[in-house]
Amino acid sequence: MGEKQVMETTEAQIAVHWQEEDYYYPSSKFIGQANLTDPDIYDRFSLDNFPDCFTEYAELLTWYKYWDEVLDTSDAPCFKWFRGGQINASYNCIDRHLKKNKNKTAIHFVPELEEERVDHITYQELYVRVNEFAALLRDFAGLKRGDRVTIHMPMSAELPITMLACARLGVIHSVVFGGFSASACADRIVDSNSRVLISMDAYYRAGNLLNHKVNADEAVAIAAKDGQVVDKVLVWQRYPGKASSDTPMVDGRDYFVNDVVKKYYGARVEPEKMLSEDPLFLMYTSGTTGKPKGAQHSTGGYLAYVTAMSKYIQDIHPKDVYWCMADIGWITGHSFIVYGPLALCASTVIYEGVPTYPDAGRSWRIAQDLDVNIFHTAPTAIRALRKIGPDEPAKYTYHFKHMTTVGEPIEPEVWKWYESAVGKGEAIIVDTWWQTETGGFLCSTVPALKPMKPGSAGPGVPGIHPIILDDNGDEVTQPGIAGNICIQNPWPGQMQTIWGDRQRFVDTYFARYCKNPESKDWRDWPYVAGDAATRSQDGYYRILGRIDDVINVSGHRLGTKEIESAALVVQEVAEAAVVPVAHEIKGKEPDLYIALKPGVEATDEIAKKISDAICEQIGKIAKPRKVWLVPDMPKTRSGKIMRRVLGAISNKGDVGNVMTLANPEVVETIKNMVDKS
Ligand code: WT7
């Protein structure tokens, strides 16, 4: 049965299995002001009304030209939404608000240092800055519609300005999380063939001013070795005369944006009329192989979907001050800091630094000072805030009407603290389950229409029809039985393909349950999310975790293969195996088992060298909890490393019967080693 198969996978196996919880109901005050209170929405978005129902989402946007066809399936499963429609994302996030709201704050940028001033950027100012930078990108950097550009920047107002300038020109942006290493950035430059890299001089993180531009230098050097020439590096300056003065600039390649942009003061750039199905951006994410995949998102479908999700699930109104704590370098930040909230003319908060810096009250001070009323974060942050400052929220006088959690399953205990302490019992919560590939939410309650249930994401959002399938492709109908959660229908926010690798797209997300690979009927292409889940009687889904080789660390995806390949670069390493281990704050952490080459002595120095190599190649978020130097890997007789056994050891679980292994004795040795430490 499906359940057995699913349960053999490491991540799902150690997922938290909590009890069904009681419902929490939204207040009448919340319902009274909510954007979506019409229960007919679920009928309107039934599969009988598919795909036309989605025009309701598209109509939230301003189009130059309406579409010829709502859904074009001729190249299934690469679906085209609103085919033939013409639209520009930058126009929808900025220009169309100017008539009524030009003096409203679009972005509140909060620097980490509290003595620095908060920047309040109005829609008019955003318009001016995006136009000037778009002119620079076009006329100075020579970028045009369809080109790709890699953006490796920290949290700053200049990051959305850069993205929106690209969108204005139809340049496809690929934002790399600022905390990723130069080498990770280089991989993305090469894969997307970017000849322009946009960077920033420096930023603050936990009180330290980090030089960020050095990553650009290294990334360009690595990319060059792999055959991709970057001929321009554009460097935004946060600290002109301070950090920037010691940033070495390569003549003829590196330019400070702050200098060059002066030439473009006052410039206005007509937004490109993009086709709905033209790509808006790439967002790289981890999968089962070592190579990250570039999820390609469309312009019209993506923007329609995230705008609808922001309006109906996040309940964003133009008068709201909305703070999503994610980093813009992840999909959450793209969809729910930048595109969704700005398309709705809300004020979006961008915070540079660490939520608990310099103290546990920082987040709540920001909320109080900016009068934030919608708050969005991840279980890992909630756990951290709860651990170090459980009583802090009560000391500040903010009021949230709405809160989101995203990225990993949230324990009911943590959910309840979020509700009572952070939300002060006044805020509704949505637990939104989705992925980089899906653009926006898949499962969540509609806050005014469905009660909340701690620990469960909820039913499919309007228009999303989940189904749980077992390994034979049969539906698992029994409540509480785990299987592979899939989506029966395409939706506008769904990724279009993997950049440059259509086959991998088909293989990864559809091959498992597609019965007819030639089919042009969307019904034949259920989307396989890669998560194990159960459904309860009330139709709410509970997500158990990944069924593939992906580890969810603090809500961020890391491929075990990526980490293993990074370890194997160290020449003393013979074999590497990564397993997820439970962590109080991060949810999961990678634990790394290493077998060294014969004759190499196991020392702390070697362990550190391996750990450092991983941070260098991927980034600090991939740092293993521990590097275990083991005499040998537990292996099957056919030589396969038994990650399941290592996972059980790391998590102090039952290793089960290991007598059929080629080397059962090593299990005891490793177990002793881990248990003793
Ligand atoms: C994976 C996707 C979507 C933005 C952040 C992560 C896990 C995501 C939830 C949730 C339980 C969740 C899944 C999913 N996940 N949200 N509310 N409850 N699990 O995006 O890096 O693409 O990761 O995160 O395992 O597959 P991502």
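**Note on the ligand shell and two buried strands**

1. In this predicted model, 24 residues surround the ligand, and those that come nearest are Trp-433, Gln-435, Thr-436, Ile-543 and Arg-557. Two or more shell residues each are supplied by helix H13 (331–343) and by strands E20 (428–432), E24 (527–535), E25 (541–546) and E27 (556–559). By residue class, the shell around the ligand holds 11 polar, 8 nonpolar and 5 charged residues.

2. Strand E20, one of the elements that contribute to the shell, pairs with strand E19 in the parallel sense over 5 bridges. Within this pairing, Ile-428 of E20 is the bridge partner of His-402. The connection from E19 to E20 passes through helix H16 (residues 412–422), and this β-α-β crossover is right-handed.

3. Strand E19 itself (residues 402–406) is mostly covered, with 5 of its 5 residues buried. His-402, Thr-404 and Val-406 point one way from the strand, while Met-403 and Thr-405 point the other way. Residues on both sides of E19 are buried.

4. E19 also pairs with strand E18 (residues 374–377), again in the parallel sense, over 4 bridges. Here Met-403 of E19 is the bridge partner of Phe-375. E18 and E19, together with helix H15 (residues 379–388), make a right-handed β-α-β unit. E19 thus has parallel pairings with E18 and with E20.

5. A second strand to look at is E8 (residues 196–200). Its 5 residues, 5 of 5, are buried, so E8 is largely enclosed by the rest of the structure. Val-196, Ile-198 and Met-200 point one way from E8, and Leu-197 and Ser-199 point the other way.

6. E8 has parallel pairings with strand E6 (residues 148–153), over 2 bridges, and with strand E11 (residues 232–236), over 5 bridges. Ile-198 of E8 is the bridge partner of Ile-151, and Met-200 stands opposite Trp-236 in E11. Both Ile-198 and Met-200 are buried, and they point the same way from E8.

7. On annotation, an unreviewed UniProt entry places the feature "domain: AMP-dependent synthetase/ligase" at residues 95–491. In the model, the end C-alpha atoms of that span lie 27 Å apart. Its content is 30% helix and 23% strand.

Definitions and conventions:
Residues numbered from 1 in each chain as written. Predicted model: local features only at pLDDT ≥ 70, side-chain atom pairs only at ≥ 80, totals over all residues. Near = placed C-beta within 6 Å. Nonpolar A, V, L, I, M, F, W, Y, C, P; charged D, E, K, R; others polar. Buried ≥ 20, exposed ≤ 12 C-beta atoms within 10 Å, placed from the backbone. Pairing = 2+ DSSP bridges. Right-handed = clockwise from strand over helix to strand, strands pointing away. UniProt positions renumbered as here; feature names shortened; annotations may be inferred.
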